[in-house]
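Hello,

Here is the structure I promised to pass on to you. Please have a look at it first, and then read my notes underneath.

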Amino acid sequence: MKQTSRTANERYKTKKVTDKRIILWALRKYGVELTGLDISERCALTYHQVMRRMSELENENKVKTTTKNVSQNRMMYKII
């Protein structure tokens, strides 16, 4: 692997951790179940950035899917 690839990989890992922390902060701060769109509206991430990290956070047992918001057709998440 070239040095530029290693550098990019390290930056990506750092970005993932930062994104996860921002998502968890938003869930803690508001203390209610939120959709990915709700989370993105309350922090500095886009909807797509949030949703890329949600399955990772679920696999790490930091958040869980609770219900489906029928009116928006979106999953709701809460912090564990």
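Below is what I found in it, starting with one helix and ending with the aromatic rings.

Please keep in mind that this is a predicted model.

Let me begin with helix 3, which covers residues 47-59. At 1.5 Å a residue, its 13 residues should span 18 Å, and the C-alpha atoms at its two ends are 19 Å apart, so the expected and computed spans agree. The helix does bend along the way, by about 25° at Arg53. Arg53 is also one of the buried residues of helix 3. The others in that buried set are Gln49, Val50, Met54, Glu56 and Leu57. As a general point, an α-helix has 3.6 residues a turn, so residues three or four places apart point the same way.

Next, follow the chain past the helix to Asn61, which sits in the loop between helix 3 and strand 2 (63-69). Its phi is positive, near 55°, although Asn61 is not a glycine. Most residues other than glycine have a negative phi. Asn61 is exposed, because its relative accessible area is 56% and the cut-off for exposed is over 50%.

Finally, the rings. How many aromatic pairs does a search of the whole structure find? The count is zero. Two tyrosines do have an arginine over the ring face, though: Arg42 lies over Tyr30, at 5.2 Å from the ring centre, and Arg74 lies over Tyr47, at 5.0 Å from the ring centre.

Happy exploring, and best wishes!

Note on methods. Residues are numbered from 1 along each chain as its sequence is written. This is a predicted model: local features need pLDDT of at least 70, side-chain atom pairs count only at pLDDT 80 or more; totals for chains, interfaces and linings use all residues. Side-chain values use heavy atoms; hydrogens and water are left out. Helices (H or I, at least four residues) and strands (E, at least two) are DSSP runs, numbered from the N terminus. Buried means under 20% relative accessible area, exposed over 50%, partly exposed in between (1.4 Å probe, protein chains only). Rings of Phe, Tyr and Trp (its six-membered ring) pair if their centres lie within 6.5 Å; planes under 30 degrees apart count as stacked, over 60 as edge-to-face and the rest as tilted. A charge sits over a ring if NZ of Lys or CZ of Arg is within 6 Å of the ring centre and within 35 degrees of the ring normal. The expected span of a helix is 1.5 Å times one less than its number of residues. The bend at a residue is the angle between axes fitted to the seven residues ending there and the seven starting there.
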